[in-house]
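Me: I am new to this structure and would like to go through it step by step. Please answer some questions about how its parts are arranged.

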2 protein chains.
Amino acid sequence: MSDRPVFAAIRFVADPPTLELLDQRVLPGHVRHVTCVAAADTAAAIQQMVVRGAPAIGVAAAYGFYMAAVSASAAAGDRAAFDAALDAAYDVLSNSRPTAVNLRWALDRLRGVVSAARPGIALDAVCAAVLDDARAIAREDEAACRAMARHGLALLPAARADGTDGGVRILHHCNTGSLATSNYGTALGLIRAAHHADPRTFVYVDETRPRLQGARLTAFELVQENIDHLLIVDSAAAMLMSAKKVDLVTVGSDRIAASGHVANKIGTLSLAVNARHFGVPFVVVAPVSTIDLNALTGADIEIEEREDSEITHPCGLDCPAVAPAKTRTFNPAFDVTPPDLVTAIVTEYGIARPPYNESLAALCARAARDFI
Amino acid sequence: MSDRPVFAAIRFVADPPTLELLDQRVLPGHVRHVTCVAAADTAAAIQQMVVRGAPAIGVAAAYGFYMAAVSASAAAGDRAAFDAALDAAYDVLSNSRPTAVNLRWALDRLRGVVSAARPGIALDAVCAAVLDDARAIAREDEAACRAMARHGLALLPAARADGTDGGVRILHHCNTGSLATSNYGTALGLIRAAHHADPRTFVYVDETRPRLQGARLTAFELVQENIDHLLIVDSAAAMLMSAKKVDLVTVGSDRIAASGHVANKIGTLSLAVNARHFGVPFVVVAPVSTIDLNALTGADIEIEEREDSEITHPCGLDCPAVAPAKTRTFNPAFDVTPPDLVTAIVTEYGIARPPYNESLAALCARAARDFI
């Protein structure tokens, strides 16, 4: 296990302000970067999933907000115009993907930095404070990932469910690795740590239709790190669980309600139902910034629906459609798993267990104290 | 609902013996046929899934066996050589796909016709008897589909699960339509009949990874027949069920054990588990030739594993891979759903309900009496 992945999803250069995003749409075939220099192109890159993964889009949006501040500081004559420009940047960035709460959390935090700057302060200084905090968000995200992995190790089964010898077999959905965070990963960070502890650790990789983040990104990261794995179609997970070939299912999350309802990549609910049916632990790994106490239950989480072509053109518009031209799709990007199907939620502040309305509130309170 | 689909999966011309198969690998983009003139190329077409669907491959194999008989009759000097050539054809055809039992059932039936022909009979006459029976298999398959649809209508929910107005919403996996049978379809035949009874009937179409038979074939058939539908990724079915947007799940089968264990396209088990969890009826539609009383339980059913490229190249080898070159896959073509998750099994002889070891045996006994 290398501690520092070869590819970073996000690189930021301050002078001139330039956000370089690894284009995750063309991995693993091509390693190409998309350069953003403003809030608008950063929002477009998030919307088009050049960068994706709840923590990573929070970090990318933070840098996008900083670039908006720099440009507003150059253009705006006064603080009121500067604030108005930043409000516009906030809106365009926070609307780029509606479900992941980390995006809005990061933007709220930076807007708080701006509000905290007294009216008389030079705009340059406000920008510098925003950059400091954007960098802190990225740094803290990696630290949180490593803390989650440490906590999560306690949840790894000690042995295989079927009694055979060998490392435990973890089933993973979507991509929650270095590419989905500023580094290391959430659920895939736990898998890195498990592999570090026992190199025999084995991963079943859900391909994760429609965008194939499992095939394109998770398998890419596992190859990089020499972690043994097999790629499966999403619907094969049940068969593996029924054969007792899965010892743990682990996923990340884009938003967790106060009740413990977990919004995550489409397909997570199906895995959770099967995990319950076949007696496999189902563990969510996500930083506390994913917990949205304003969302009381799953019903309060907006689910993004995306375009037909993600389903009808699995290899992109350059390859033939796999469905008739007249066929429309229902393409929700996420689903919501109810708390009774979730064994545990691992955060950087520790592990939440049912009842989640109590345990999540307690973790959030600890996080808030730390932040103050 | 048109009673006679525009495209037939299988056409057979007797003179010279020519089997014309609609190439289902390139639908819906291209309508192209593959011509087979011998058992070997018929077996290759089955293996490569030019033709697929348990009943359809039974019919295709029957014609392949007949073509072997014609060629053996021309080449063989005597009955022993003829029989030996047919034994070889039986092996190559029955090994082309190991899971579907209809294939072997059709071949056993034709071999029975050959054995029933007394030693003195002219080989031409034996061939004629084989052709008659191959055509009977195709004809009976369509009649069975229509009978299954009639029986199955009794299982359609009278109203939507969520109490809203409108036609019932049926979720369907893989393709079980005209393209999977000699005509009409099994589970999709039931959907045709439901649509005939109420044109508001709505279908959620599982795309059915890895081969995308739902997107490529079922959506194609539904467009042809103007049946309202939406295409989804397989893993989105759970979300729809949790939102009470699915009133019935229906699938076909490739082999049903005496116990009621149902082998079907990978992903069926996951649907059945979710259907049970969310209280949605789960109905299997398959002719009695699918029931294999020699398979006592699911453990007796061989599950075919197919090559990596079906997963790593969703649009075929002409389009880029979606996974790293070093990544291997686990690619079972089928899974086995246990009887406790199956609400009912609809056959042309009526509906089997739990306990299946009794109800399936009774249906098979009735079918055997009919055949005698």
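The questions and answers below concern a predicted model.

Me: By what turn can chain B be laid on chain A?
Reply: Two copies of a chain are related by a rotation about an axis and a shift along it. Here the shift along the axis is 0.0 Å and the RMSD is 0.0 Å. That is the relation of a two-fold axis. The turn that lays chain B on chain A is 180°.

Me: How many residues of chain A are in contact with chain B?
Reply: The copies meet through the same surface, because 100% of the interface residues of chain B are also interface residues in chain A. On the side of chain B, 49 residues take part. On the side of chain A, the number is 50.

Me: Which residues of chain B lose the most area to chain A?
Reply: Chain B and chain A bury about 4,100 Å² between them, with 76% of that area on carbon and sulfur atoms. Three residues together account for 16% of what the side of chain B buries. They are B:M239, B:V322 and B:F330.

Me: Are α2(A) and α4(A) roughly parallel or roughly antiparallel?
Reply: Two packed helices are described by the angle between their axes and the distance between the axes. Helix α2 of chain A covers residues 54–75 and helix α4 of chain A covers residues 101–116, and their axes lie 7 Å apart at an angle of about 30°. Angles under 35 degrees count as roughly parallel. The two helices α2(A) and α4(A) are therefore roughly parallel.

Me: How many nonpolar residues are in the contact of α2(A) with α4(A)?
Reply: The crossing of these two helices is right-handed. From α2(A) come A:A54, A:P55, A:I57, A:G58, A:A61, A:A62 and A:F65, which meet A:N102, A:L103, A:A106, A:L107, A:L110, A:R111 and A:V114 of α4(A). Of the residues in this contact, 2 are polar and 1 is charged, and the nonpolar ones number 11.

Me: What is the relation of α4(A) to α5(A), roughly parallel or roughly antiparallel?
Reply: Helix α5 of chain A spans residues 123–152, and its axis comes within 9 Å of that of α4(A), crossing at roughly 150°. Angles over 145 degrees count as roughly antiparallel. This angle therefore makes α4(A) and α5(A) roughly antiparallel.

Me: How many charged residues are in the contact of α4(A) with α5(A)?
Reply: The crossing of α4(A) and α5(A) is right-handed. On α4(A) the contact is made by A:W105, A:A106, A:R109, A:L110, A:V113 and A:V114, while the residues on α5(A) include A:D133 and A:E140. The contact divides into 11 nonpolar residues and no polar ones, and the charged residues number 3.

Me: At what angle do helix α1 and helix α3 of chain B pack?
Reply: Helix α1 of chain B is residues 39–47 and helix α3 of chain B is residues 79–94, with axes 8 Å apart. The angle makes α1(B) roughly parallel to α3(B). The contact joins B:A39, B:T42 and B:A43 of α1(B) to B:A89, B:V92 and B:L93 of α3(B). The packing angle is about 10°.

Me: Which residue is joined to A:R209 by a cis peptide bond?
Reply: Most residues other than glycine have a negative phi, and most peptide bonds are trans. The bond following A:R209 is cis, with omega at about 5°. Its partner lies in the loop between β5 (202–206) and α7 (213–224) of chain A. That partner is A:P210.

Me: Where in chain B is B:P28?
Reply: A cis peptide bond joins B:L27 and B:P28, with omega about 0°. The place of B:P28 is the loop between β2 (18–22) and β3 (33–36).

Me: What is the phi of A:M49?
Reply: A:M49 sits in the loop between α1 (39–47) and α2 of chain A. Although A:M49 is not a glycine, its phi is positive, at about 65°.

Note on methods: Residues numbered from 1 in each chain as written. Chains lettered and ligands numbered in written order. Predicted model: local features only at pLDDT ≥ 70, side-chain atom pairs only at ≥ 80, totals over all residues. Heavy atoms only, no water. Axes fitted to C-alpha atoms, helices over the stretch in contact; angles between N-to-C directions. Helix = DSSP H or I, 4+ residues; strand = E, 2+ residues; numbered from the N terminus. Parallel < 35°, antiparallel > 145°, perpendicular 65-115°, else oblique. Left-handed = near helix turned anticlockwise from the far one by under 90°. Contact = heavy atoms within 4.5 Å. Nonpolar A, V, L, I, M, F, W, Y, C, P; charged D, E, K, R; others polar. Least-squares fit on C-alpha atoms with pLDDT ≥ 70 in both. Buried area = accessible area lost by both parts, 1.4 Å probe.
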